[in-house]
Amino acid sequence: MKSFIKPRIVISKCIEFESCRYNGQIIRSEIINTLKPHVEFLPICAEVEIGLGVPRDPIRIIEKHAKKFLVQPKTGRDVTTEMLSFTQRFLSSLQGIEGFLLKSQSPSCGTRDVKIYPAVLHSAPVRREAGFLGEQVLQRFPQLAIEDEMRLQNPIIRQHYFTKIFTLAAFRSVKDTASLQQLLQFHTENKYLLMGYSQKELSILGNILANQDKQPLPNVFSEYEHHLFMAFLKAPRYTSQINVLNHAFGYISQKLTAAEKQFYSDIIEKYRNGQMPFSVPINLVRSWVIRFEQPYLIPQTFFEPYPNQLLDAEALKVTEVRDFWK
Ligand code: SF4
């Protein structure tokens, strides 16, 4: 079985780690529980860290004269300074992490959908944006994988997030070896995955490794890392994924019957039209890669970018559907 380096992810402590929400509750998440054996989580609760107890009166963000404040309406307490100094200190201390998994809608942890109020006691928010910690995370670590537990429910966002954190973790371990040979191997094994993400960045990464201007090795690593981050900024487009599948198919098509080839092209068309998930064509091609023992394709991370057990969250839903029909 393929082994994976555990990604290091900062997570809001109230998601499956501790009952530290303002009301003393915990957020349950099947996805986080599935991830736990495969990820090194660093749980943190900013509100507890700044001395607000559990349970506590909720806090909210208010905006006055174009400046944001974090206040506790019931007590009138303003914790803006405490929160700002905690986030500075905490985020500066982080090293060797691949991403963040933060609680949605929290005035501290939220990354995009936090209510901003015009006054302490005003009940209607004027808009939604990032919370205090979430905003700093986005500003300081734009290249890393940053998501909230709600968005992770979306299969495309989840696949992209899992792929990114495991690829960046693998790169971290290669970087630790400071070996050009290891970096070349990393690049070779990730070629198809990168092709699906960005042809442009794949070609830049190849040029960095060719190292025409004889850069010292640390520069090669840091340039490579920068463009690796660029490649993973967005989830891959389905057309690029089809392109990669067709590339792989080119290696094996001559060994297939006419009926198998037709079957493949029907499946690709269904995937293109949104009638079939990506897992169908990729597993079909992968089965042929295994059957024909394609030495170049077998190690490609494109076919297994993260541990198979992480597909369980999806599988559980299938089981629920089956149970319904019993
Ligand atoms: S959202 Fe963040 S600050 Fe709020 S309880 Fe959860 S971890 Fe603590």
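**Exercise 1. His38**

Determine whether His38 is buried or exposed in this predicted model, and describe its surroundings.

*Solution.*
Step 1. The relative accessibility of His38 is 16%. The cut-off for a buried residue is under 20%. His38 therefore counts as buried.
Step 2. In the chain, His38 belongs to the loop that runs between helix 1 (30-35) and strand 2 (40-44).
Step 3. With residues up to four places away in sequence set aside, His38 touches Lys6, Pro7, Phe166, Pro307, Gln309 and Leu310.

**Exercise 2. Tyr296 and Leu297**

Establish where Tyr296 and Leu297 are found, and assign a burial class to Tyr296 and to Leu297.

*Solution.*
Step 1. Tyr296 lies in the loop between helix 12 (279-291) and helix 13 (312-325). Leu297 is likewise found in the loop between helix 12 and helix 13.
Step 2. Tyr296 has a relative accessibility of 26% and so counts as partly exposed. Leu297 has a relative accessible area of 0% and is therefore buried.
Step 3. Not counting residues up to four places away in sequence, the residues touched by Tyr296 are Thr188, Lys191, Tyr192 and Tyr251. For Leu297, leaving aside neighbours within four places, the contacts are Tyr192, Ala248, Tyr251, Val289 and Phe303.
Step 4. Two C-alpha distances complete the description. Tyr296 and Ala248 are 48 residues apart in sequence and 9.7 Å apart in space. Leu297 and Thr239 are 58 residues apart in sequence, with 20 Å between their C-alpha atoms.

**Exercise 3. Arg291**

State which helix holds Arg291, give its exposure class, and report its C-alpha separation from Val174.

*Solution.*
Step 1. Arg291 is a residue of helix 12.
Step 2. Its relative accessible area is 48%, so Arg291 is partly exposed. The class spans the interval between the 20% and 50% cut-offs.
Step 3. Arg291 and Val174 are 117 residues apart along the chain, and their C-alpha atoms are separated by 30 Å.

**Exercise 4. Backbone geometry**

Which bond is cis, and what are the phi values of Glu16 and Asn211?

*Solution.*
Step 1. Begin with the reference case: most residues other than glycine have a negative phi, and most peptide bonds are trans.
Step 2. The peptide bond that joins Val54 and Pro55 is cis, with omega about -10°. Pro55 lies in the loop between helix 2 (46-49) and strand 3.
Step 3. Glu16 has a positive phi near 65°. This residue is found in the loop between strand 1 (8-12) and helix 1. A relative accessible area of 7% means that Glu16 is buried.
Step 4. Asn211 has a positive phi near 45°. Its place is the loop between helix 8 (199-210) and helix 9 (217-231). At 18% relative accessibility, Asn211 therefore counts as buried.

**Exercise 5. Helix 4**

Identify the buried residues of helix 4 and the elements against which they pack.

*Solution.*
Step 1. Helix 4 comprises residues 132-140, and its buried residues are Phe132, Leu133, Gly134, Gln136 and Val137.
Step 2. The strands that these buried residues pack against are strand 3 (60-64), strand 4 (67-72), strand 6 (99-102) and strand 9 (145-148).
Step 3. Helix 3 (80-92) is also among the packing partners.

**Exercise 6. The ligand shell**

How many residues surround the ligand, and which of them come nearest?

*Solution.*
Step 1. The ligand has 14 residues around it.
Step 2. Those that come nearest are Cys14, Cys45, Arg56, Ser106 and Cys109.
Step 3. Sorted by class, the shell holds six nonpolar, three polar and five charged residues.

**Exercise 7. The chain as a whole**

Summarise the secondary structure, dimensions, burial, contacts, surface and charges of the protein chain.

*Solution.*
Step 1. The secondary structure amounts to 13 helices and nine strands.
Step 2. Along the principal axes, the C-alpha atoms fill a box of roughly 75 × 65 × 35 Å.
Step 3. The protein chain has 326 residues, of which 46% are buried.
Step 4. Among contacts with a separation of 6 or more, 67% involve residues 24 or more positions apart.
Step 5. The chain exposes about 16900 Å², and carbon and sulfur atoms supply 54% of this area.
Step 6. There are 40 positive and 32 negative side chains, and the centres of the two sets lie 2 Å apart.

Conventions: Residues numbered from 1 in each chain as written. Predicted model: local features only at pLDDT ≥ 70, side-chain atom pairs only at ≥ 80, totals over all residues. Heavy atoms only, no water. Helix = DSSP H or I, 4+ residues; strand = E, 2+ residues; numbered from the N terminus. Buried < 20%, exposed > 50% of the residue type's maximum accessible area, 1.4 Å probe, protein only. Contact = heavy atoms within 4.5 Å. Areas by Shrake-Rupley, 256 points an atom, 1.4 Å probe, with all protein chains shown as cover. Lys, Arg positive; Asp, Glu negative; His and termini not counted. Charge placed at Lys NZ, Arg CZ, Asp CG, Glu CD. Near = heavy atom within 4 Å. Nonpolar A, V, L, I, M, F, W, Y, C, P; charged D, E, K, R; others polar.
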